Amino acid sequence: MDMMERFEDWDGKRVADLRAVADALMPSDYADVIAACYADDTKTARAASWVLKAAYEAGADIAFPADILGADPHWEIALHLLQSIQHCAVDLPPEAVIPYLKHEKPMLRAWALDAYVRLGGSDSDTLLAAAANDPAASVRARARNLAKEQ
């Protein structure tokens, strides 16, 4: 079964199959993973973005698909990309993640804050202070961790 078939057959929940794809990923597969992140089928794009994140975490040198964040992707795709920013070279202005700072999903807010700070956002200190009072524990924890890193 090839990578795209695995993405299409993915149950949308368990990551074991995705982990197997990520573990077998070769540099010759990178273009296909990126292309799958743009798939019209949301499940396929979610699966591909998870594999892409795993590849970044493993140190793969893959171009970051920054334009996806500006295209209002499924929240899980945005999450995977925001989480990836700490692991790869990204040519993205901090302002590109601002829409996610007020997202209804706390995990998106937390990782948008992380990305904004890592990308050198001009008012990072103000946002970190505000995030310390966010109603979601995940956002407060991310703000604390980021403040420790600075």
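The paragraphs below describe two helix packings, one buried residue and one aromatic pair in a predicted model. Residues are numbered from 1 along each chain as its sequence is written, and side-chain values use heavy atoms, with hydrogens and water left out. Because the model is predicted, local features need pLDDT of at least 70 and side-chain atom pairs count only at pLDDT 80 or more, while totals for chains, interfaces and linings use all residues.

Helix 3 covers residues 30-37 and helix 4 residues 42-57; helices are DSSP runs of H or I with at least four residues, numbered from the N terminus. The two pack at an angle of about 135°, with their axes 7 Å apart. Axes are lines fitted to C-alpha atoms over the stretch in contact, and angles run from 0 to 180 degrees between N-to-C directions. Helix 3 is therefore oblique to helix 4, since angles under 35 degrees count as roughly parallel, over 145 as roughly antiparallel, 65 to 115 as roughly perpendicular and the rest as oblique. Their crossing is left-handed; this term applies if the near helix is turned anticlockwise from the far one by less than a right angle, and right-handed applies if clockwise.

On the helix 3 side, Val33, Ile34, Ala36 and Cys37 meet Thr44, Ala45, Ala48, Ser49, Val51 and Leu52 of helix 4, where contact means heavy atoms within 4.5 Å. By class, this contact has eight nonpolar, two polar and no charged residues (Ala, Val, Leu, Ile, Met, Phe, Trp, Tyr, Cys and Pro count as nonpolar, Asp, Glu, Lys and Arg as charged, and the others, Gly among them, as polar).

Helix 6 (residues 106-118) and helix 8 (residues 137-149) pack at about 15°, with axes 8 Å apart, and are therefore roughly parallel. Helix 6 passes helix 8 in a right-handed crossing. Residues making the contact include Trp111 and Asp114 of helix 6 and Arg142 and Leu146 of helix 8. By class, the contact has nine nonpolar, one polar and five charged residues.

Arg142 of helix 8 has a relative accessible area of 13% and so is buried (under 20%; exposed is over 50%, partly exposed in between, with a 1.4 Å probe and protein chains only). Leaving aside neighbours within four places in sequence, Arg142 is in contact with Ala110, Trp111, Asp114 and Arg118.

The structure holds one aromatic pair, formed by Tyr56 and Phe64. Rings of Phe, Tyr and Trp (its six-membered ring) pair if their centres lie within 6.5 Å; planes under 30 degrees apart count as stacked, over 60 as edge-to-face and the rest as tilted. This pair is tilted, at 6.1 Å centre to centre and 35° between the planes. Tyr56 counts as buried at 1% relative accessibility, and Phe64 counts as buried at 13%.
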